[in-house]
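I opened the model today to look up a few residues, some strands and the ligand site. My notes follow in the order I checked things.

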Amino acid sequence: MRFLRYPGSKRKFLSTLVEHFPSKESIKGKYIEPFVGGGSVYLAFEPKQALLADINTDLIDLYRGIKSYPHKVWEIFSTFPKGKRSYYLVRNSEYHTKPIYYRAARILYLNRTCFKGMWRHGVDGNFNVGYGGEDRRWVIDHQNIIELSRALKNSAIINSDFESVLENVKDNDFIFLDPPYKPGLKEMKDAHYAYGKFTYEDQIRLSEALKRIGNKKIKWLMTNSDHKSIRRLYKDYEIDKLKVGTSHRIGISTLRPKEIIIKNY
Ligand SMILES: C[S@@+](CC[C@H](N)C(=O)[O-])C[C@H]1O[C@@H](n2cnc3c(N)ncnc32)[C@H](O)[C@@H]1O
């Protein structure tokens with residue numbers, strides 16, 4: 001199920017990516033995703049219990065709202081009028097003081113009707129992508145939202161920087177990390193992601209946080225860009241190229257040279 005338009009989605013890689021994961025049965029602790037984004041990997045893997053986190057506050061409001069109030073979110077989403085005027089009215093109106101189900105419906109509506117599904121926030125922290133049209137609004141329905149709410153039932157969802165998430169992992173947890181890729185790639189240049197850039201300093205911070213975990217009882221797997229500055233940070237770990245399944249040649253995978261998988265097991 002794809003309920004969000006999200007830059008950097010791992011949807012195309014799901015089958016080949018999950019092959020590298022430990023089996024679901026062998027994960028005795030939690031499945032942890034500190035850069036959950038559009039959640040495509042979590043939703044495909046369906047772990048028994050999880051901790052999902054992201055620095056994007058709107059996104060986390062969306063997950064929390066849908067988890068607890070799927071019907072209210074759908075009701076409000078479906079009553080926002082169509083068209084450009086309505087879009088800007090909803091986008092620019094005060095929402096911080098509104099209940100979580102309103103905030104979730106609002107961001108779902110903006111995501112489904114904004115320009116190219118981008119996520120960009122202004123210096124004031126507010127979502128500032130322009131209008132894109134109604135074409136993709138009704139791709140989702142009430143049933144999808146109910147299913148998503150069920151899929152989130154056993155997950156804790158938090159709005160946080162990755163570092164504090166990684167400080168709190170426990171033995172037997174499995175961590176999947178999909179950080180924004182190295183600046184210079186398209187997503188970064190276009191500022192597609194929330195709250196500015198993920199810099200090389202952040203990549204270093206991430207590699208150090210993972211080194212601190214240093215415990216063989218915690219497995220982690222990360223996707224990242226295939227760049228020598230990234231490979232250098234993880235030279236002590238196993239690194240593979242990430243393959244993408246091709247839809248027109250079912251069952252055949254091709255190498256996607258720009259992305260790698262790094263893991264500590
Ligand atoms: C590549 S996307 C994840 C895409 C996801 N795997 C999917 O399939 O949709 C990276 C995510 O990292 C989040 N992010 C950026 N900086 C972060 C930080 N310092 N801590 C936690 N999350 C961060 C972004 O908001 C974005 O949602």
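Which backbone oxygen does the side chain of Arg5 reach? I found that it is the backbone oxygen of Arg112, at 3.5 Å. I keep in mind that this is a predicted model.

**Entry 1: Arg5**

I placed Arg5 in the segment before helix H1, which spans 14-18. Arg5 is buried, and I looked for a salt bridge but there is none. The nearest side chain of opposite charge belongs to Asp135, 8.4 Å away. A salt bridge needs the nitrogen and the carboxyl oxygen within 4 Å, so Asp135 at 8.4 Å does not qualify. I then listed the contacts of Arg5, leaving aside neighbours within four places in sequence. The list runs Asn111, Arg112, Thr113, Cys114, Lys116, Gly117, Trp119 and Arg136. Arg112 is thus on the contact list and also supplies the backbone oxygen noted above.

**Entry 2: strand E4**

Next I went to strand E4, residues 174-177. Phe174 and Phe176 point one way from the strand, while Ile175 and Leu177 point the other way. I noted that all four of these residues are buried. I then checked the pairing of E4. Strand E1 (residues 31-33) pairs with E4 in the parallel sense, over two bridges. Ile32 has Ile175 as its bridge partner in E4. Strand E5 (residues 219-225) also pairs with E4 in the parallel sense, here over four bridges. On that side I found Phe174 opposite Lys219 of E5.

**Entry 3: the ligand**

Which residues come nearest to the ligand? Of the 22 residues around the ligand, I wrote down Tyr6, Ser40, Asp54, Asp161 and Asp178 as the nearest. I looked up polar distances next. A polar side-chain atom of Tyr6 is 2.5 Å from a ligand oxygen. For Asp178, an N or O atom of the side chain lies 2.5 Å from a nitrogen atom of the ligand. Phe162 uses a polar backbone atom instead, 3.1 Å from a ligand nitrogen.

**Entry 4: Val90**

Is Val90 buried or exposed? I have Val90 as buried, because its relative accessible area is 8% and the cut-off for buried is under 20%. Val90 sits in helix H5, residues 84-92. Leaving aside neighbours within four places in sequence, Val90 is in contact with Phe80, Tyr102, Arg106, Tyr109 and Leu110. I looked at Arg106 further: it is 16 residues from Val90 along the chain, and the two C-alpha atoms are separated by 7.2 Å.

Technical notes:
Residues are numbered from 1 along each chain as its sequence is written. This is a predicted model: local features need pLDDT of at least 70, side-chain atom pairs count only at pLDDT 80 or more; totals for chains, interfaces and linings use all residues. Side-chain values use heavy atoms; hydrogens and water are left out. Buried means under 20% relative accessible area, exposed over 50%, partly exposed in between (1.4 Å probe, protein chains only). Lys and Arg count as positive and Asp and Glu as negative; His and the chain ends are not counted. A polar contact is a pair of N or O atoms within 3.5 Å; within protein, one must be able to donate a hydrogen and the other to accept it, and residues adjacent in sequence count only if both atoms are side-chain atoms. Contact means heavy atoms within 4.5 Å. Two strands pair if DSSP finds at least two bridges between them. A residue is near a molecule or strand if one of its heavy atoms lies within 4 Å of it.
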